[in-house]
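Me: I would like to learn how to read a protein model step by step, beginning with the outside and then working inwards. Could you take me through it?

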Amino acid sequence: MSESMNIAAKKIVDEMVQKADRLKLITKTLKNGTCVIDCGVNAKGSIKGGELFTKVCLGGISDVGISIPGDLSDIIAMPAVKVKTDFPALSTLGSQKAGWKININNYYAIGSGPAQCHKFKEDKIYEICEYTEDSDIAVITLEADELPNEEVADYIARECGVLPENLSILVAPTSSLVGSIQISGRAIENGVYKMFEIMGFDVTKITYAAGITPITPVDPDSLKAMGKTNDAIIFGGRTYYYIEPEEGESLEEIAVNLPSSACESYGKSFIELFEEAGKDFYKMPKEVFAPAEVIVNDMVTGEMFHTGYIDLKRLKESFEVKEVRFDK
(Lines give C-alpha, C1' and ligand atoms only; values in the text may rest on other atoms or scores of the structure.)
Protein backbone atom coordinates (compact mmCIF):
# COMPACT_ATOMS: atom_id res chain seq x y z
CA MET A 1 0.00 0.00 0.00
CA SER A 2 1.90 3.02 -1.26
CA GLU A 3 -0.83 5.65 -0.91
CA SER A 4 -0.80 7.70 2.30
CA MET A 5 -3.96 7.14 4.32
CA ASN A 6 -3.76 10.68 5.70
CA ILE A 7 -3.64 12.11 2.20
CA ALA A 8 -6.53 9.87 1.10
CA ALA A 9 -8.54 10.93 4.16
CA LYS A 10 -7.72 14.60 3.62
CA LYS A 11 -9.38 14.44 0.19
CA ILE A 12 -12.58 13.35 1.92
CA VAL A 13 -12.17 16.10 4.51
CA ASP A 14 -11.89 18.67 1.70
CA GLU A 15 -15.15 17.37 0.23
CA MET A 16 -16.85 17.66 3.61
CA VAL A 17 -15.66 21.26 3.97
CA GLN A 18 -16.83 22.18 0.47
CA LYS A 19 -20.26 20.60 0.99
CA ALA A 20 -20.65 21.50 4.68
CA ASP A 21 -24.03 23.20 4.29
CA ARG A 22 -25.50 20.35 2.28
CA LEU A 23 -24.10 17.82 4.76
CA LYS A 24 -25.36 19.85 7.75
CA LEU A 25 -21.85 20.20 9.15
CA ILE A 26 -20.14 23.21 10.71
CA THR A 27 -16.51 23.92 9.85
CA LYS A 28 -14.11 26.11 11.79
CA THR A 29 -10.46 27.06 11.53
CA LEU A 30 -8.80 27.47 14.92
CA LYS A 31 -6.31 30.28 15.57
CA ASN A 32 -3.45 27.82 15.12
CA GLY A 33 -4.73 26.88 11.65
CA THR A 34 -6.27 23.50 12.52
CA CYS A 35 -9.44 22.63 10.61
CA VAL A 36 -12.26 21.38 12.85
CA ILE A 37 -15.41 19.85 11.39
CA ASP A 38 -18.36 19.63 13.75
CA CYS A 39 -20.37 16.59 12.68
CA GLY A 40 -22.82 16.47 15.58
CA VAL A 41 -21.88 18.62 18.59
CA ASN A 42 -23.67 21.78 17.47
CA ALA A 43 -24.22 20.65 13.88
CA LYS A 44 -27.16 18.41 12.92
CA GLY A 45 -25.02 16.14 10.78
CA SER A 46 -26.44 13.94 8.02
CA ILE A 47 -26.53 10.39 6.69
CA LYS A 48 -24.03 11.28 3.96
CA GLY A 49 -21.89 13.03 6.56
CA GLY A 50 -21.84 9.82 8.59
CA GLU A 51 -20.82 7.86 5.53
CA LEU A 52 -17.90 10.22 4.82
CA PHE A 53 -16.88 10.33 8.50
CA THR A 54 -16.69 6.51 8.48
CA LYS A 55 -14.56 6.56 5.32
CA VAL A 56 -12.14 8.94 7.04
CA CYS A 57 -11.99 6.61 10.06
CA LEU A 58 -10.96 3.84 7.66
CA GLY A 59 -8.10 5.91 6.27
CA GLY A 60 -9.86 6.78 3.03
CA ILE A 61 -9.01 3.41 1.48
CA SER A 62 -12.29 1.53 2.02
CA ASP A 63 -15.79 1.81 0.58
CA VAL A 64 -18.70 2.83 2.80
CA GLY A 65 -22.38 2.98 1.90
CA ILE A 66 -25.80 3.08 3.49
CA SER A 67 -28.36 0.36 2.84
CA ILE A 68 -32.00 1.37 3.29
CA PRO A 69 -33.31 -0.83 4.67
CA GLY A 70 -30.87 -3.41 5.99
CA ASP A 71 -32.86 -6.54 6.72
CA LEU A 72 -32.21 -8.18 10.07
CA SER A 73 -34.97 -10.76 9.86
CA ASP A 74 -38.55 -11.15 8.76
CA ILE A 75 -39.57 -8.97 11.71
CA ILE A 76 -37.54 -5.76 11.60
CA ALA A 77 -35.65 -3.80 8.97
CA MET A 78 -33.46 -0.74 9.53
CA PRO A 79 -30.98 1.42 7.64
CA ALA A 80 -27.55 -0.17 7.83
CA VAL A 81 -23.90 0.72 7.22
CA LYS A 82 -22.08 -1.32 4.58
CA VAL A 83 -18.28 -1.44 4.54
CA LYS A 84 -16.09 -3.13 1.92
CA THR A 85 -12.31 -3.14 1.96
CA ASP A 86 -9.41 -4.64 0.04
CA PHE A 87 -7.07 -3.63 2.87
CA PRO A 88 -8.76 -5.14 5.95
CA ALA A 89 -5.86 -5.17 8.40
CA LEU A 90 -4.42 -1.77 7.54
CA SER A 91 -7.66 0.20 7.20
CA THR A 92 -9.16 -1.19 10.42
CA LEU A 93 -6.30 -1.74 12.89
CA GLY A 94 -4.06 0.86 11.28
CA SER A 95 -6.67 3.63 11.16
CA GLN A 96 -10.24 2.88 12.27
CA LYS A 97 -9.28 1.33 15.60
CA ALA A 98 -10.23 3.63 18.47
CA GLY A 99 -6.73 3.46 19.86
CA TRP A 100 -6.00 7.01 20.98
CA LYS A 101 -7.35 7.96 24.41
CA ILE A 102 -7.18 11.75 24.62
CA ASN A 103 -7.51 13.53 27.97
CA ILE A 104 -6.19 17.10 27.98
CA ASN A 105 -7.30 19.45 30.79
CA ASN A 106 -10.69 17.78 31.18
CA TYR A 107 -11.20 17.43 27.43
CA TYR A 108 -11.87 13.75 26.83
CA ALA A 109 -12.18 12.03 23.46
CA ILE A 110 -11.60 8.68 21.79
CA GLY A 111 -9.48 9.13 18.69
CA SER A 112 -9.56 7.14 15.47
CA GLY A 113 -8.38 7.74 11.94
CA PRO A 114 -5.08 7.81 10.05
CA ALA A 115 -3.43 10.35 12.37
CA GLN A 116 -2.63 7.27 14.44
CA CYS A 117 -0.13 6.28 11.74
CA HIS A 118 2.00 9.18 12.99
CA LYS A 119 1.31 8.80 16.71
CA PHE A 120 1.79 5.01 16.85
CA LYS A 121 4.15 4.56 13.90
CA GLU A 122 6.11 1.86 15.75
CA ASP A 123 2.99 -0.28 16.21
CA LYS A 124 3.33 -3.83 14.91
CA ILE A 125 0.36 -3.51 12.56
CA TYR A 126 2.26 -1.10 10.29
CA GLU A 127 5.25 -3.41 10.24
CA ILE A 128 3.30 -6.49 9.19
CA CYS A 129 1.29 -4.48 6.66
CA GLU A 130 4.56 -3.01 5.36
CA TYR A 131 3.10 0.47 5.64
CA THR A 132 5.01 3.69 6.29
CA GLU A 133 3.27 7.04 6.68
CA ASP A 134 5.48 9.69 5.15
CA SER A 135 3.04 12.59 4.74
CA ASP A 136 3.24 15.86 6.69
CA ILE A 137 -0.52 16.03 7.32
CA ALA A 138 -2.73 14.30 9.88
CA VAL A 139 -6.46 13.57 10.00
CA ILE A 140 -8.14 12.41 13.19
CA THR A 141 -11.75 11.62 14.08
CA LEU A 142 -12.91 12.17 17.65
CA GLU A 143 -15.80 10.55 19.47
CA ALA A 144 -16.48 13.42 21.88
CA ASP A 145 -19.29 15.57 23.24
CA GLU A 146 -17.37 18.84 22.87
CA LEU A 147 -15.26 20.49 20.19
CA PRO A 148 -11.49 20.71 20.80
CA ASN A 149 -9.72 24.02 21.40
CA GLU A 150 -6.26 25.16 20.27
CA GLU A 151 -4.59 23.44 23.22
CA VAL A 152 -6.04 20.07 22.28
CA ALA A 153 -5.23 20.60 18.60
CA ASP A 154 -1.65 21.62 19.44
CA TYR A 155 -1.26 18.45 21.51
CA ILE A 156 -2.54 16.20 18.72
CA ALA A 157 -0.37 17.92 16.10
CA ARG A 158 2.68 17.67 18.33
CA GLU A 159 2.13 13.97 18.99
CA CYS A 160 1.77 13.41 15.23
CA GLY A 161 4.83 15.48 14.39
CA VAL A 162 2.91 17.79 12.06
CA LEU A 163 2.17 21.50 12.06
CA PRO A 164 -1.22 22.47 13.57
CA GLU A 165 -2.28 23.98 10.23
CA ASN A 166 -1.75 20.56 8.65
CA LEU A 167 -4.13 18.88 11.09
CA SER A 168 -7.83 18.17 10.46
CA ILE A 169 -10.14 17.12 13.29
CA LEU A 170 -13.60 15.63 12.77
CA VAL A 171 -15.86 15.43 15.83
CA ALA A 172 -19.07 13.44 16.37
CA PRO A 173 -20.70 12.60 19.71
CA THR A 174 -21.91 9.06 20.25
CA SER A 175 -25.38 10.55 20.71
CA SER A 176 -25.49 11.98 17.18
CA LEU A 177 -26.56 10.55 13.83
CA VAL A 178 -23.00 10.64 12.49
CA GLY A 179 -21.81 9.00 15.72
CA SER A 180 -24.34 6.18 15.32
CA ILE A 181 -23.28 5.58 11.73
CA GLN A 182 -19.53 5.56 12.30
CA ILE A 183 -19.74 3.13 15.21
CA SER A 184 -22.00 0.76 13.29
CA GLY A 185 -19.33 0.88 10.58
CA ARG A 186 -16.87 -0.94 12.87
CA ALA A 187 -18.09 -4.54 12.57
CA ILE A 188 -15.22 -5.62 10.31
CA GLU A 189 -12.73 -3.91 12.58
CA ASN A 190 -14.08 -5.74 15.63
CA GLY A 191 -13.52 -9.11 13.97
CA VAL A 192 -10.05 -8.24 12.70
CA TYR A 193 -9.12 -6.90 16.14
CA LYS A 194 -10.24 -10.13 17.82
CA MET A 195 -8.28 -12.27 15.35
CA PHE A 196 -5.15 -10.19 15.85
CA GLU A 197 -5.16 -9.31 19.55
CA ILE A 198 -6.80 -12.39 21.07
CA MET A 199 -6.29 -15.25 18.62
CA GLY A 200 -2.83 -14.21 17.45
CA PHE A 201 -3.83 -14.73 13.83
CA ASP A 202 -1.81 -13.18 11.00
CA VAL A 203 -4.43 -10.71 9.78
CA THR A 204 -2.45 -9.88 6.63
CA LYS A 205 -3.88 -13.18 5.34
CA ILE A 206 -7.31 -11.50 5.24
CA THR A 207 -7.42 -10.43 1.62
CA TYR A 208 -10.87 -8.85 1.49
CA ALA A 209 -13.64 -8.12 3.99
CA ALA A 210 -17.18 -6.81 4.00
CA GLY A 211 -19.70 -6.08 6.71
CA ILE A 212 -23.15 -4.68 7.36
CA THR A 213 -24.60 -3.44 10.64
CA PRO A 214 -27.88 -1.67 11.48
CA ILE A 215 -27.59 2.03 12.26
CA THR A 216 -28.44 2.57 15.89
CA PRO A 217 -31.44 4.77 16.71
CA VAL A 218 -30.09 8.13 17.89
CA ASP A 219 -30.31 8.54 21.67
CA PRO A 220 -29.57 11.95 23.27
CA ASP A 221 -28.28 10.23 26.40
CA SER A 222 -24.54 9.72 25.76
CA LEU A 223 -24.22 6.67 28.01
CA LYS A 224 -27.25 4.92 26.53
CA ALA A 225 -26.04 5.84 23.05
CA MET A 226 -22.67 4.19 23.76
CA GLY A 227 -24.46 1.02 24.80
CA LYS A 228 -26.81 0.92 21.83
CA THR A 229 -24.14 1.63 19.22
CA ASN A 230 -21.87 -1.15 20.46
CA ASP A 231 -24.78 -3.57 20.90
CA ALA A 232 -25.59 -2.96 17.23
CA ILE A 233 -22.38 -4.79 16.33
CA ILE A 234 -22.39 -7.36 19.13
CA PHE A 235 -25.97 -8.47 18.44
CA GLY A 236 -26.58 -7.29 14.87
CA GLY A 237 -23.30 -7.01 12.92
CA ARG A 238 -22.66 -9.30 9.96
CA THR A 239 -19.14 -9.73 8.57
CA TYR A 240 -17.51 -11.60 5.69
CA TYR A 241 -13.79 -12.39 5.60
CA TYR A 242 -11.92 -13.78 2.59
CA ILE A 243 -8.73 -15.39 3.88
CA GLU A 244 -5.72 -17.06 2.26
CA PRO A 245 -4.31 -19.40 4.94
CA GLU A 246 -1.03 -21.27 4.87
CA GLU A 247 -1.10 -24.72 3.28
CA GLY A 248 -2.77 -27.13 5.70
CA GLU A 249 -3.92 -24.34 8.01
CA SER A 250 -7.61 -24.72 8.95
CA LEU A 251 -9.77 -21.65 9.46
CA GLU A 252 -12.55 -23.52 11.21
CA GLU A 253 -11.30 -22.78 14.73
CA ILE A 254 -10.87 -19.10 13.87
CA ALA A 255 -14.43 -18.96 12.58
CA VAL A 256 -15.92 -20.81 15.56
CA ASN A 257 -14.36 -18.45 18.10
CA LEU A 258 -14.81 -15.21 16.20
CA PRO A 259 -18.45 -14.11 16.76
CA SER A 260 -19.54 -12.27 19.89
CA SER A 261 -21.61 -15.26 21.02
CA ALA A 262 -18.36 -17.21 21.55
CA CYS A 263 -17.47 -14.86 24.42
CA GLU A 264 -18.17 -16.11 27.98
CA SER A 265 -19.84 -12.84 28.89
CA TYR A 266 -22.17 -12.96 25.88
CA GLY A 267 -25.76 -12.07 26.69
CA LYS A 268 -24.95 -9.02 28.78
CA SER A 269 -25.51 -5.66 27.18
CA PHE A 270 -22.57 -3.37 26.47
CA ILE A 271 -23.68 -1.05 29.27
CA GLU A 272 -23.68 -3.90 31.80
CA LEU A 273 -20.13 -4.85 30.80
CA PHE A 274 -19.08 -1.19 30.79
CA GLU A 275 -20.28 -0.73 34.36
CA GLU A 276 -18.54 -3.95 35.45
CA ALA A 277 -15.30 -2.49 34.04
CA GLY A 278 -15.66 0.58 36.24
CA LYS A 279 -16.93 2.60 33.26
CA ASP A 280 -13.50 2.41 31.65
CA PHE A 281 -13.86 1.57 27.95
CA TYR A 282 -10.28 0.27 27.79
CA LYS A 283 -10.76 -2.16 30.72
CA MET A 284 -13.65 -4.02 29.16
CA PRO A 285 -13.18 -7.66 28.08
CA LYS A 286 -11.65 -7.60 24.59
CA GLU A 287 -13.63 -10.66 23.53
CA VAL A 288 -16.89 -8.70 23.62
CA PHE A 289 -15.81 -6.54 20.69
CA ALA A 290 -16.89 -8.87 17.90
CA PRO A 291 -19.57 -9.08 15.22
CA ALA A 292 -22.71 -11.14 15.79
CA GLU A 293 -22.52 -13.24 12.63
CA VAL A 294 -19.43 -14.28 10.70
CA ILE A 295 -18.70 -15.94 7.37
CA VAL A 296 -15.13 -16.99 6.64
CA ASN A 297 -14.15 -18.02 3.12
CA ASP A 298 -11.01 -20.13 2.80
CA MET A 299 -9.68 -18.93 -0.55
CA VAL A 300 -7.24 -21.85 -0.81
CA THR A 301 -9.67 -24.73 -0.29
CA GLY A 302 -12.90 -22.95 -1.21
CA GLU A 303 -14.48 -23.90 2.15
CA MET A 304 -16.89 -21.50 3.81
CA PHE A 305 -17.56 -21.40 7.55
CA HIS A 306 -20.68 -19.72 8.94
CA THR A 307 -20.83 -18.98 12.67
CA GLY A 308 -22.74 -16.79 15.09
CA TYR A 309 -26.20 -15.32 14.60
CA ILE A 310 -28.21 -12.12 14.67
CA ASP A 311 -29.66 -11.84 18.18
CA LEU A 312 -32.82 -9.95 17.33
CA LYS A 313 -34.32 -10.23 20.81
CA ARG A 314 -31.36 -8.61 22.55
CA LEU A 315 -30.93 -6.09 19.75
CA LYS A 316 -34.52 -4.92 20.08
CA GLU A 317 -34.17 -4.73 23.86
CA SER A 318 -31.05 -2.58 23.52
CA PHE A 319 -32.67 -0.33 20.90
CA GLU A 320 -35.79 -0.03 23.08
CA VAL A 321 -38.01 -0.98 20.18
CA LYS A 322 -41.69 -0.41 20.93
CA GLU A 323 -44.00 -2.41 18.71
CA VAL A 324 -46.94 -0.25 17.68
CA ARG A 325 -50.09 -1.52 16.05
CA PHE A 326 -52.95 0.47 14.61
CA ASP A 327 -56.31 -1.18 15.02
CA LYS A 328 -58.98 0.06 12.66
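Me: How much area does the protein expose, and what share of it do carbon and sulfur atoms supply?

Reply: Bear in mind throughout that this is a predicted model. The protein exposes about 14,800 Å², of which carbon and sulfur atoms supply 47%. As for charge, there are 34 positive and 51 negative side chains, and the centres of these two sets lie 7 Å apart.

Me: How should I read the radius of gyration of the protein?

Reply: The idea is to set the value against what a compact globule with this number of residues would have. For 328 residues that would be near 20 Å, and the protein has 19 Å, which agrees. The C-alpha atoms fill a box of roughly 65 × 55 × 35 Å along the principal axes, and the protein has 13 helices and twelve strands.

Me: What percentage of the residues is buried, and what percentage of the contacts between residues at least 6 apart in sequence joins residues at least 24 apart?

Reply: Buried residues, meaning those under 20% relative accessible area, make up 58% of the 328 residues. Of the contacts between residues at least 6 apart in sequence, 74% join residues at least 24 apart.

Me: Which residues have the most contacts inside the largest nonpolar core?

Reply: That core has 36 residues, and those with the most contacts inside it are Ile 125, Met 195, Phe 201, Val 203, Ile 206, Tyr 241 and Ile 243. Its largest share, five residues, comes from helix H9, which covers residues 187-198. A second, separate core has 22 residues, including Val 36, Ile 104, Ala 115 and Tyr 155. Returning to Met 195, and leaving aside residues up to four places away in sequence, we find that it touches Gly 200, Phe 201, Val 203, Ile 206, Tyr 241, Ile 243, Ile 254 and Leu 258.

Me: Is helix H4 largely enclosed or largely open?

Reply: A useful general point is that an α-helix has 3.6 residues a turn, so residues three or four places apart point the same way. In helix H4 (residues 88-96), nine of the nine residues are buried, so this helix is largely enclosed by the rest of the structure. Among them are Pro 88, Leu 90, Leu 93 and Gln 96.

Me: Is Ser 184 buried or exposed?

Reply: Ser 184, found in helix H8 (residues 177-184), counts as buried because its relative accessibility is 1%. Not counting residues up to four places away in sequence, Ser 184 touches Val 81, Thr 213, Pro 214, Ile 215, Thr 216, Ala 232 and Ile 233.

Methods
Residues are numbered from 1 along each chain as its sequence is written. This is a predicted model: local features need pLDDT of at least 70, side-chain atom pairs count only at pLDDT 80 or more; totals for chains, interfaces and linings use all residues. Side-chain values use heavy atoms; hydrogens and water are left out. A nonpolar core is a set of buried Ala, Val, Leu, Ile, Met, Phe, Trp, Tyr and Cys residues joined through side-chain atoms within 4.5 Å. Buried means under 20% relative accessible area, exposed over 50%, partly exposed in between (1.4 Å probe, protein chains only). Helices (H or I, at least four residues) and strands (E, at least two) are DSSP runs, numbered from the N terminus. Contact means heavy atoms within 4.5 Å. The radius of gyration is taken over C-alpha atoms; the globule rule is 2.2 Å times the number of residues to the power 0.38. Accessible areas come from the Shrake-Rupley method with a 1.4 Å probe; for residues, only the protein chains shown count as cover. Lys and Arg count as positive and Asp and Glu as negative; His and the chain ends are not counted. The place of a charge is taken as NZ of Lys, CZ of Arg, CG of Asp or CD of Glu.
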